[in-house]
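Reader: I am new to this structure and would like a close look at one part of it. Please take a single strand, describe its surroundings, and then place it beside the other features of the model.

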Amino acid sequence: MVRSDTRWLRGAAIGVVATLALSACGGSTATSAPPAATAAPGATAAPPSTAPATEAPKTGGTIYLLTNSEQFNRVDPQRAYTGEDLAFFSATWMRSLTAYTYSPDDPTASKLQPDLATDTGTPTDGAKTWAFTLRDGVSFEDGSPITCADVAYGASRTFATDVISEGPTYAIAYLDIPKNADGSSAYPGPYKATADQQALYDKAVTCSADGKTVSFHLSQPVADFNYTVTLGFSPVPKAADTGENYDKKPVSSGPYKIDSYTTGNGGKMILVRNSNWSQASDTYRQAYPDKWEVDFGIDVAVIDQRMLASTGNDQYALQYAGMQPENLATVFADPKTVLPAFAGRAVSAYDIYARYLWVNVNKVKNVKIRQAMAVALDRSALRKNAGGDFYGGYADGTIKPNIGMDYAPTNLWTTMLGKPIPDTGDPEYAKQLIAESGEAAPSLTYDYGQSPVADRGAAIIVQSLGLAGITVTPNPIERGKYYSVVFDPEKAHEFGTGGWGADWPNASTVIPPLFTQEGGWDLSQLDDAAFNAKVKAAQAETDRPTQATMWQDLNVETMENMWVIPTFFGMAQNLMGSGLATVAGPDGGLYLWGPYGSNPYGDLYVKP
Amino acid sequence: MAGYLVRRVLGMLVLLFLLTTTVFFLFNILPGDPARLTCGKACSPTIIEANRHRLGLDEPVLTQYGKFVAGIFVGRTFSPDSPEPIVCSAPCLGYSFKRGEQVLPLIMRSAPVTFYLAIGAFVIWLVVGISLGIYAALRRGRWQDRLIMTISLVGYSLPSFFIGLLLVFFVIVKWGLLPFPSYVSPFENPVQFTQTMILPWMVLAALNAAFYMRLTRNQVLETLGDDYVRTARAKGLPERTVIVHHALRAGLTPIVTAAGLDLAYLLGGAIITENIFSLPGLGALAVNSITDSDLPLIAGITLLTASLIIFANLIVDLLYAVIDPRVRLA
């Protein structure tokens with residue numbers, strides 16, 4: 001035997017011993033709790049703590065957020081536009097004039113509360129003017145008071161679209177400032193505006209003499225403008241505005257401030273208490289934890305494993321996005337039932353997205369044909385393909401139940417089309433509708449963003465509509481280019497996939513965007529003058545219950561005309577660590593917060 | 001030798017220039033509109049044009065190219081309309097508007113992670129692969145040889161994500177032998193660094209060691225049968241000297257070629273491994289930049305990776321002359 005053989009073996013043995021020694025060093029937290037993730041569903045062996053919160057919430061501790069993303073999409077208050085991000089920011093550092101209510105009940109959650117303002121706004125002039133009075137004692141993280149000028153300046157940044165990008169543009173859409181011939185605003189934002197241009201903005205957003213009341217003068221009546229101001233109207237101190245770089249370190253107005261923010265895999269955002277925030281000025285937030293830590297760039301499978309195990313610091317963690325489909329059976333018996341081992345820690349509920357197939361009304365002009373498409377569609381197979389029952393419930397319109405009072409059942413799949421339509425489709429009835437249309441069964445092209453799941457979905461659509469005699473040719477489009485194709489009237493075909501999430505819990509952010517040219521997301525290419533007039537009337541209606549009824553009626557009208565074929569109301573499944581609880585949730589358990597379809601960040605605390 | 005080096009370095013520079021030009025124009029002629037892709041949810045035509053101006057894409061392509069090249073030598077400024085324009089010092093490879101950072105610092109921050117990952121795994125797989133390959137060759141046909149070849153076949157067949165997730169599940173979650181990976185610099189906390197890197201090293205080493213076991217075994221077997229090896233044994237040289245200095249050395253050329261290219265490729269980022277273990281390396285950065293349509297960053301990483309391959313080729317060519325005296329660099 002060659003000496004090198006035994007030397008090799010000795011070396012390997014030393015390596016193994018060294019590895020074991022290293023694993024014992026550094027205080028591995030993973031060894032301190034019994035493993036739970038491998039327990040069979042419902043097993044009682046070493047489950048994580050699921051006892052409901054029975055003690056009053058206390059301040060203290062650190063809450064962790066685990067996310068696969070490398071960073072937040074945008075942190076700048078005029079650029080942040082992702083629901084989960086907005087929910088987190090508004091709970092921690094980003095106050096706005098108004099905010100929503102923490103409640104697992106969706107209609108309650110969608111009720112506005114005053115935040116920076118003393119109330120939820122006062123409309124005058126038929127809701128063309130809105131005034132908000134700032135509370136006493138509201139300040140930025142450096143202790144300087146938040147004034148009307150700061151709110152006005154923050155909103156003005158939206159107009160600098162060549163610097164402040166990707167954010168909500170409601171300020172541009174609603175404020176009474178003239179437009180240029182090309183449709184852009186005559187006010188280019190605070191960085192480039194001449195004195196005359198700035199005067200245009202200063203006329204649309206005015207401050208009272210004492211600097212406490214900000215008034216917005218709108219170009220049209222907007223009955224829910226007090227909802228609009230939750231999005232992109234947070235105050236920014238002009239002296240601290242660094243433009244493009246403000247996205248890295250915005251100034252806090254809330255109970256926490258950003259201590260550090262590094263992006264990329266392994267990056268973190270640490271939020272610590274803002275010593276200049278006063279509870280007296282903030283009836284909205286209780287700010288229970290002392291600290292928040294967001295960990296970026298963690299593999300999604302690893303996040304699920306950590307949340308299931310809930311050991312060490314992960315007991316005080318939440319996953320930022322939903323669970324992976326392959327782990328759902330470990331936690332849920334069905335989309336409505338959490339297994340006992342995870343009671344209080346898990347939730348399965350609607351997110352904010354409604355999925356649908358848009359139908360180009362200029363190419364599929366006959367309503368009976370559009371109805372036939374809907375009737376023939378095998379929605380059951382589409383749902384199975386997308387992930388099964390956990391993926392979502394069957395949609396009956398584009399307004400979703402968790403939006404609150406604007407939702408009412410449309411009866412689309414029960415009585416509206418003349419008879420109940422099964423989830424698997426009714427090709428025979430579809431053929432009857434085609435016959436009633438007076439036209440031959442059409443040949444259509446289906447546009448969709450390509451992925452393996454979408455390819456299978458396209459095959460289901462081809463097959464199910466084919467049973468009714470409708471010939472469908474799938475047109476897969478690279479995902480990144482999908483919208484640039486389907487928004488082009490020259491390139492879009494007869495129908496395709498769509499999805500939409502309301503910007504705030506009012507159907508004014510659903511019906512107008514999807515069904516009017518002005519709204520900006522009208523994939524069906526609809527431009528119906530009578531419908532547009534009804535939409536305008538609903539937008540101007542200041543009596544909320546009356547407005548809700550108007551939206552419900554408009555939703556029914558879109559379904560009667562089948563301008564889109566609704567498919568699913570999306571659902572999400574989230575987990576939180578065993579060491580956390582909520583104030584408003586059932587037995588202190590986790591719930592999905594309706595306004596953003598998110599975790600209820602402002603309602604969380606570390607269990608004593 | 002000096003003349004050879006000078007010629008090769010000049011050739012490298014020419015190649016890098018051509019590469020830079022090709023990458024730049026390639027990304028500019030790709031279908032798709034970056035201004036539309038990155039303008040967010042509220043994308044009216046005027047918003048898209050404003051975003052195009054923000055990204056500097058509203059200028060003629062040649063002007064953009066000129067600024068890109070100038071930026072490498074003298075730096076450039078982005079977002080001139082912002083109250084605080086962004087100054088990108090030379091060598092400036094561009095600015096990632098998606099991440100709010102200059103491309104070169106982003107890459108340089110990720111590069112050490114990938115470097116440590118690649119080098120650590122490289123050392124392990126070379127040591128394990130070559131030593132087991134030699135051992136298998138010396139035990140040809142016997143159970144040790146068969147066992148090693150079976151192990152190499154299994155290691156070669158299993159995808160990295162499978163090995164990685166298995167290790168995470170058993171070593172970290174189930175047995176709790178190591179904490180969840182959380183990368184720190186080895187200078188900041190060497191113990192945490194090693195705890196984080198052990199499993200990724202093992203994943204990469206398992207895959208590559210399998211290949212090197214087979215390659216080494218085949219090379220050694222080939223040379224063991226040669227006359228000069230018989231002569232060396234007949235001269236009474238120790239077996240270790242025969243194996244290492246004669247048999248292995250003669251068979252090193254393809255091993256060196258493969259090792260050099262493998263290492264260069266790995267320095268561009270082990271995408272799957274970095275993602276599974278949440279390592280903030282170049283591979284993870286590359287994948288995320290593609291998902292985000294972050295073209296400046298994609299271009300920067302492409303340039304870096306291609307440059308590494310070009311450089312690695314030079315090193316490998318130089319090593320040939322060291323290993324094999326018959327090779328003369330001319």
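Author: This is a predicted model. The part chosen here is strand E14 of chain A, which covers residues 346-359. Of its 14 residues, 12 are buried, so the strand is largely enclosed by the rest of the structure. A residue counts as buried when 20 or more other C-beta atoms lie within 10 Å of its own.

Two pairings of E14(A) can be followed in chain A. One is with strand E19, residues 564-575 of chain A; the two run antiparallel and are joined by 10 bridges. Within this pairing, A:Ala349 is set opposite A:Ala572 of E19(A). The other is with strand E18, residues 495-501 of chain A, again antiparallel, with 7 bridges. Here A:Tyr353 has A:Gly501 of E18(A) as its bridge partner.

Beyond the strand, chain A also meets chain B: 56 residues of chain A are in contact with 56 residues of chain B. On the side of chain A that touches chain B, helix H1 (3-24) and helix H8 (300-309) each supply at least two residues. H1(A) gives the most, with 7 residues. By residue type, this side of chain A divides into 27 polar, 15 nonpolar and 14 charged residues.

Chain B itself is assigned two domains, domain 1 (32-92) and domain 2 (106-329). Taken over C-alpha atoms, the centres of these domains of chain B are separated by 39 Å.

Key:
Residues numbered from 1 in each chain as written. Chains lettered and ligands numbered in written order. Predicted model: local features only at pLDDT ≥ 70, side-chain atom pairs only at ≥ 80, totals over all residues. Domains from an automatic or database assignment. Helix = DSSP H or I, 4+ residues; strand = E, 2+ residues; numbered from the N terminus. Pairing = 2+ DSSP bridges. Contact = placed C-beta atoms within 7 Å. Nonpolar A, V, L, I, M, F, W, Y, C, P; charged D, E, K, R; others polar.
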